[in-house]
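Trainee: Could you take a close look at a single part of this model with me, and then set that part in the context of the rest of the chain? I would rather have one connected account than a list.

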Amino acid sequence: MDIHGYFPSLDIAWTNAAFALAAAVLTFALIHGAVALFRKRLAALSGERAHKPIVEVLRHTLARTSRFAIFATAVLVGLEVLDLPAPWNARVDHLWFITLGAQIALWLHRAIEVTARRYFRVHGKGLEDDQVTVAHTLMIWALQWSVWTIFALAMLSNLGINVTTFVASLGIGGVAVALAVQNILGDLFASLSIAVDKPFEVGDAVSVPEFSGTIEHVGLKTTRIRALSGEQIVIANAELLRKVVHNFKRQSTRRVQYALRINPSTPPELVSRVPEALGDIIKAQDKVKFDHVNLTAMNQDYLEYDIVYNMQEADYGLFLRTQQAVLLQTMTMLRELGISTAPRARQLLVQDPAVDSAAAARAANDARGTDTHEGGAIELPDGRGKLQSRPTH
């Protein structure tokens, strides 16, 4: 192909070229000066304003402004001033899209990194481990590559290339890969969910329906838990997130509820004194907020009180000591009041089956007038309720 055919005579006047050059130089100076001034103003901020999220993101994002992009923008402004023939107008439009798109992609690339790291720093409470760091890195990497993939596809489409088949091929290939490694991807995304949402962290005491223990390590695929019985339990992240997890480390208070049963023959005047006396015992304990003591059940076997109080601290040792003190003082109080916690006494009647059978036989014989003297016949009931006769000795 003849180069003169690709670059035909532009027929540009010197005055037009000089004006375009001046416009390009002025554009470069204005854009470069504006970016430098804005960055200087952001750097001059101090105190609380300097640590605002938008200020931090803008400060780091503008630092990635490319001088080549500024130069290319200035050149394109100059080309717009020139009197160009039709083919060059379309080429300049493509250059505009590539230049501005690349610069926007650079800004988004940096903004994603700064925003994500700030979020993880604020919500991570300074306790990031290797798993959290890797998870954050993978998430940032995925978002950044998404930006560049979208820019590349948009650029190809702008240049007139049909990307529909390419995108469809990527989709089919992605589905095939996802189906092949769905379990691994499920655990990986579960790890990212744990890192971002933080339902539990290393060192937390947790309980799931099958076991209880302390989190030792959260990996990209599995979580390791030290069980209360001493062994280490390894469970997949996705499987763990599907369970109901009780996190005891984040428990700030503890609600204690139990029942007290006393003998149903207790006089009503003593029954009415128990709630007040037991309430005084609970109120006298440290770091305890009394809720209620009420008589809630009455039947032939026992009288039942419902007792509830709240521990202001979730420490398990404090709970055990407090509950022990309450129970011991309750025993003393019941003894002083003369109240028994024994259930109602039951009577058990034990009868000999042989005696019962003989008595039934005598009653049947009396009813039929049968002689039961020695040498006569004794009639006993059979299994169907009929009488069965046999001789006596």
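Mentor: Let us begin with helix 11, where the exposed residues Glu-276 and Lys-283 sit on the face that is turned away from the buried side of the helix. Please keep in mind throughout that what we are reading is a predicted model. Helix 11 spans residues 274-283, and its buried residues are Val-274, Leu-278, Gly-279, Ile-281 and Ile-282. Looking down the axis of helix 11, one finds these buried residues within an arc of 160 degrees, so they line one face of the helix. The general background is that an α-helix has 3.6 residues a turn, so residues three or four places apart point the same way.

What do the buried residues of helix 11 pack against? Their partners are strand 6, helix 10 (268-271), strand 7, strand 8 and helix 12 (316-337). Of these partners, strand 8 deserves a careful description, because nine of the nine residues in its range, 303-311, are buried, and the strand is therefore largely enclosed by the rest of the structure. Its side chains alternate in direction: Leu-303, Tyr-305, Ile-307, Tyr-309 and Met-311 point one way, whereas Glu-304, Asp-306, Val-308 and Asn-310 point the other way, and both sets are buried.

Strand 8 pairs with strand 6, which covers residues 254-262, in the antiparallel sense and over nine bridges, and within strand 8 it is Tyr-305 that stands opposite Leu-260. The pairing of strand 8 with strand 7, residues 288-298, is likewise antiparallel and runs over nine bridges; here Met-298 has Leu-303 of strand 8 as its bridge partner. Strand 7 and strand 8 together form a hairpin, with four residues between them.

The loop that connects helix 11 to strand 7 holds Lys-287, a residue whose backbone is worth checking in the viewer. Its phi is near 55 degrees, which is a positive value in a residue other than glycine, and the general background is that most residues other than glycine have a negative phi. With a relative accessibility of 44%, Lys-287 counts as partly exposed, since that class lies between the 20% limit for buried and the 50% limit for exposed.

Two residues from other helices may serve as reference points for the same accessibility scale. Gln-144, located in helix 6 (residues 130-158), has a relative accessibility of 9% and so counts as buried; apart from neighbours within four places in sequence, Gln-144 is in contact with His-109, Ile-112 and Glu-113. Ala-22, located in helix 2 (residues 14-44), is partly exposed at a relative accessible area of 46%. Although Ala-22 and Ala-74 are separated by 52 residues in sequence, their C-alpha atoms are 9.9 Å apart in space.

As for the whole chain, its secondary structure comes to 13 helices and ten strands, and 30% of its 393 residues count as buried. Among contacts with a separation of 6 or more, 60% are accounted for by residues 24 or more positions apart. The accessible surface of the chain comes to about 25600 Å², and 61% of that surface belongs to carbon and sulfur atoms.

Notes. Residues are numbered from 1 along each chain as its sequence is written. This is a predicted model: local features need pLDDT of at least 70, side-chain atom pairs count only at pLDDT 80 or more; totals for chains, interfaces and linings use all residues. Side-chain values use heavy atoms; hydrogens and water are left out. Buried means under 20% relative accessible area, exposed over 50%, partly exposed in between (1.4 Å probe, protein chains only). Helices (H or I, at least four residues) and strands (E, at least two) are DSSP runs, numbered from the N terminus. Two strands pair if DSSP finds at least two bridges between them. The arc is that of the directions from the helix axis to the C-beta atoms. Contact means heavy atoms within 4.5 Å. Accessible areas come from the Shrake-Rupley method with a 1.4 Å probe; for residues, only the protein chains shown count as cover.
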